[in-house]
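Here's a quick tour of a protein chain for anyone just getting started with structures. Have a look at the sequence and the model, then read on.

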Amino acid sequence: MDLIIQPYAVLVYAHLLLFVLWLGADVGVFLLGQHFRKRDQYTLEQRIALLKLLVLVDMTPRSAWALMVPLSLSVVDVGNWWDVPSVMLWGAWAVGLFWLWLVWDSHWHDQTPRAARNRAVEGWLRWIVGGFYLWLGAQSLWLDAPLSADWLAWKALLFGFIFVAAIMIDFSFKPVGAQLTAVLEQGSSDETEIPLLKTMNRTRIWVWIVYLLLLATAFLGNAKPLP
């Protein structure tokens, strides 16, 4: 029997694999964050260990997010849903791989000016790419082009909103650095822990939004409920 491997099937498989890694690892991040909050059950040293593990596990969804951008356009192109211009497709892969490098280089050089610079560049990339998907989905729903299938246009639009929600996660989580430093330097008390808990609670709202949007995009891609 001859083994026949269709490029489209391989790309769809990779697309689904990234989705599983993204959502699955993100749930792990969420659970580690939940246990970090339980100062009545863990010592401060144990909670810091949980936080370090959280940061490491979080590298999986961040990596999947970067690769999902060029891979999604490749699936659309090879599946004949849209004849993506070659310049755009190769550019998407260049951006995705550069973004992936930024994510890991920031991790390897954490707490340095280099990491701060990388994250600033990554922030601009996310806004630009997120804006592209919002435009792609909105224009396709309005004009039936370049994506003629409504389910795909909605998927592109929701993917754009995932960018917005994920950006808001990082924005909401920003005070944690100073608040965690206060816990480490001044010790665990209501004065240091309550502001940290409030920040984490605000961040969780955006986390749940990302989960819902991911599930919605996955449903649209698999069920294709719209023409």
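Among contacts in the chain between residues at least 6 apart in sequence, 68% join residues at least 24 apart. Keep in mind that you're looking at a predicted model. The chain has eight helices and zero strands, and its C-alpha trace spans about 60 × 45 × 35 Å along the principal axes.

**Layout and confidence**
- Going along the sequence, you just read α-α-α-α-α-α-α-α.
- Of the 227 residues in the chain, 42% are buried.
- The mean pLDDT of the chain is 93, with 98% of its residues at 70 or more.
- Confidence bottoms out in α7, with a mean of 89, and peaks in α4, at 97.

**The nonpolar cores**
- In soluble globular proteins, nonpolar side chains tend to get buried together.
- Here, the largest nonpolar core holds 46 residues, and Trp22, Trp99, Tyr133, Phe159 and Phe163 have the most contacts inside it.
- Helices α1, α3, α4, α5, α6 and α8 each chip in at least two residues of this core.
- Take Phe163: leaving aside its neighbours within four places in sequence, Phe163 is in contact with Trp65, Val69, Trp99, Arg126, Val129, Gly130 and Tyr133.
- Another core, of twelve residues, lies apart from the largest one, and includes Val29, Leu32, Leu50 and Leu196.

**The largest pocket**
- About 1800 Å³ of space sits in the largest pocket.
- Its lining is made of 46 residues, and Asp58, Arg62, Asp170, Phe173 and Lys174 lie nearest the centre.
- Which helices supply at least two residues each to this lining? They are α1 (7-36), α2 (44-57), α3 (59-78), α4 (86-108), α5 (113-143), α6 (150-173), α7 (176-186) and α8 (190-223).
- α6 gives the largest share of that lining, with seven residues.
- Sorted by class, the lining of the largest pocket has 25 nonpolar, nine polar and twelve charged residues.

**The second largest pocket**
- The second largest pocket has a volume of about 500 Å³.
- It is lined by 27 residues, and the closest to its centre are His15, Ser72, Lys155, Thr217 and Gly221.
- Two or more lining residues come from each of α1, α3, α5, α6 and α8.
- What's the class mix in the lining of the second largest pocket? You'll find 20 nonpolar, five polar and two charged residues there.

How values were computed:
Residues are numbered from 1 along each chain as its sequence is written. This is a predicted model: local features need pLDDT of at least 70, side-chain atom pairs count only at pLDDT 80 or more; totals for chains, interfaces and linings use all residues. Side-chain values use heavy atoms; hydrogens and water are left out. On a 1 Å grid over the protein atoms alone, a cavity is a set of points where a 1.4 Å probe fits but cannot get out, and a pocket is an open set with protein on both sides within 12 Å along at least five of seven lines; lining residues have an atom within 4 Å of a point. Grid points are joined across faces, edges and corners, and a volume is the space filled by probe spheres set on the points. Helices (H or I, at least four residues) and strands (E, at least two) are DSSP runs, numbered from the N terminus. Ala, Val, Leu, Ile, Met, Phe, Trp, Tyr, Cys and Pro count as nonpolar, Asp, Glu, Lys and Arg as charged, and the others, Gly among them, as polar. A nonpolar core is a set of buried Ala, Val, Leu, Ile, Met, Phe, Trp, Tyr and Cys residues joined through side-chain atoms within 4.5 Å. Buried means under 20% relative accessible area, exposed over 50%, partly exposed in between (1.4 Å probe, protein chains only). Contact means heavy atoms within 4.5 Å. pLDDT is the predictor's confidence in each residue, from 0 to 100.
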